Amino acid sequence: MTATPQIELIRVDKHYGAFHALKGIDLSIPKGQFVALVGPSGCGKSTLLRSIAGLESISGGEMRIAGDVVNNVPPRKRDLAMVFQSYALYPHMTVRKNLTYSLRLQGADTATANKAAEDVAKITGLDQLLDRYPRQLSGGQRQRVAMGRAIIRDPKAFLFDEPLSNLDAALRVHMRAEIRKLHNRLGATSVYVTHDQIEAMTMADHVVVLRDGVVEQQGAPLDLYDRPANLFVAGFIGSPAMNFVDATVREDGLSAKAALPGGPVIQLPLRVQPNEDIVLGLRPEYLKLASQSKAKLTVPLGVIEVTGSTTYLVSDTDPELMIAVQGRPDLKVGDRMPLTFDDNALHVFRRADGLALT
Ligand code: ATP
């Protein structure tokens, strides 16, 4: 028998008047899993999270928490903890009071509440800051108080709505590791909304990619990276983004060939229809600098972006190709770059509907 999912959505719909914001969402989150909802602005990720929280009522389908249908259960009875981007701390209360507020509301006595606050402060690294007010804390510390406040209740799941987007880049990287560590330590079920696919990839066990209220694909981070189901997911997951080149299939057969406009003829790793219009996808790290004799294509270098470890080379072609190489190649803008790639690293999508041809 499989365990009951901690959160389960079955064909969930949400309408705002005539606008269809969530279209038949199916999602099953096992206990202890960290799930990221990711997608571009307006795709419906906050609506989905708020629906799980009960802050939005759903228009159709079924939602279950720990096996119980909660469609008509108000937010406070769902036993979930939400961590917002704005932290929503009480400015006139100390960290200790912020942490214990919900316990006190539930009737906990002072000693029990303070003991819980001290335990949570240790877990979140706030033990030296219990008597400070929110205004006396840094952004990262406030974020930890918001987390601590969620943890103290031992809820059925944590819901995070872009909790790191107000922090600077370095702190964001630090906090995402902290949140993930905390998640591991608590074994909690977490649903995390972000528009940042790197955050989703690095933090989550399971990533759900949304577009226009539809789940485009869901799976383990590297499954989405290695086997994107369609052009949208292929372009959305991965930074820098996958290169795309239009091509047409020249021959049928086990080793169909694709002719690139003005470029090489390449063997495709799968069977596709003759004359099919396709899009070839190749991640920047799979394009390699080669010797002239081994080159599959040669392109002029348009832009060099150095980071210290990885160098990004952008071709002066249409479409541009992005090449990621380790180290510091001895090249300058205008040089011709001989490139090679492994045919097996190519992704092939049907141009008509964007679906991956696997
Ligand atoms: P963002 O990353 O910009 O926050 P999101 O993916 O979280 O985007 P949602 O806030 O879930 O997107 O919104 C999804 C869609 O539903 C958007 O097109 C939005 O305009 C619409 N929407 C959200 N709330 C309402 C509302 N109360 N009334 C009408 N439309 C709404």
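Reader: Among contacts in the protein chain between residues at least 6 apart in sequence, what percentage join residues at least 24 apart?

Author: This is a predicted model, and its protein chain contains eight helices and 20 strands. When contacts between residues at least 6 apart in sequence are considered, the share that joins residues at least 24 apart is 64%.

Reader: How many of the residues count as buried, given as a percentage of the protein chain?

Author: The C-alpha atoms of the protein chain fill a box of roughly 75 × 45 × 40 Å, taken along the principal axes. The chain has 358 residues, and the part of them that counts as buried is 36%.

Reader: How many Å apart are the C-alpha centres of the two domains, domain 1 and domain 2?

Author: The protein chain is divided into domain 1, which covers 7-229, and domain 2, which covers 240-350. Taking the C-alpha centre of each of these domains, the separation between domain 1 and domain 2 is 39 Å.

Reader: Where does the largest nonpolar core lie with respect to domain 1 and domain 2?

Author: The largest nonpolar core has 86 residues, and those with the most contacts inside it are Ala 36, Leu 37, Val 191 and Val 208. Residues of this core come from domain 1 (7-229) and also from domain 2 (240-350), so the core lies between them.

Reader: Which residues does Val 191 touch, not counting residues up to four places away in sequence?

Author: Val 191 is one of the residues with the most contacts inside the largest nonpolar core. As a general background, nonpolar side chains in soluble globular proteins tend to be buried together. Once residues up to four places away in sequence are left out, Val 191 touches Ile 7, Ile 29, Val 35, Leu 37, Leu 49, Ile 52, Ala 157 and Leu 159.

Reader: Which strands stand at the edges of the open sheet of four strands, each with a single partner strand?

Author: The order in this open sheet is β2-β1-β4-β5, and the pairing is antiparallel. A strand with a single partner has one side left without a neighbour in the sheet, and therefore the edge strands are β2 (19-29) and β5 (68-69).

Reader: Which residue in β2 stands opposite His 15?

Author: Strand β1 (residues 7-16) runs antiparallel to β2, and seven bridges join these strands. Within this pairing, the residue of β2 that stands opposite His 15 is His 20.

Reader: Which element gives the most to the shell around the ligand?

Author: The residues around the ligand include Tyr 16, Phe 19, Ala 21, Lys 45, Ser 46, Thr 47 and His 195. Two or more residues of this shell come from each of β2 and α1 (45-53). By class, the shell has four nonpolar, seven polar and one charged residues. With three residues, the element that gives the most to it is α1.

Reader: Which residue just after α1 takes a positive phi?

Author: Within α1 itself, Lys 45, Thr 47, Leu 48, Leu 49, Ser 51 and Ile 52 are buried. Just after this helix there is a residue with a positive phi of about 90°, and that residue is Gly 54.

Reader: How many residues lie between β9 and β10 in the hairpin they form?

Author: Strand β9 (residues 206-211) and strand β10 (residues 214-219) run antiparallel and are joined by five bridges, and one bridge partner pair is Val 209 with Gln 217 in β10. In the turn of the hairpin, Asp 212 has a positive phi of about 50°, and the number of residues between β9 and β10 is two.

Reader: Is Thr 311 buried or partly exposed?

Author: Thr 311 lies in strand β17 (residues 310-315). A residue needs 20 or more other C-beta atoms within 10 Å to be buried, whereas 12 or fewer would make it exposed. Thr 311 has 17 other C-beta atoms within 10 Å, and it is therefore partly exposed.

Reader: What distance separates the C-alpha atoms of Thr 311 and Gln 326?

Author: A hairpin joins β17 to β18 through six residues, and these two strands run antiparallel with five bridges between them. Gln 326 in β18 is the bridge partner of Thr 310. Thr 311 and Gln 326 are 15 residues apart along the chain, while the separation of their C-alpha atoms is 6.2 Å.

Conventions: Residues numbered from 1 in each chain as written. Predicted model: local features only at pLDDT ≥ 70, side-chain atom pairs only at ≥ 80, totals over all residues. Core = buried A, V, L, I, M, F, W, Y, C linked by C-beta atoms within 7 Å. Domains from an automatic or database assignment. Contact = placed C-beta atoms within 7 Å. Pairing = 2+ DSSP bridges. Near = placed C-beta within 6 Å. Nonpolar A, V, L, I, M, F, W, Y, C, P; charged D, E, K, R; others polar.
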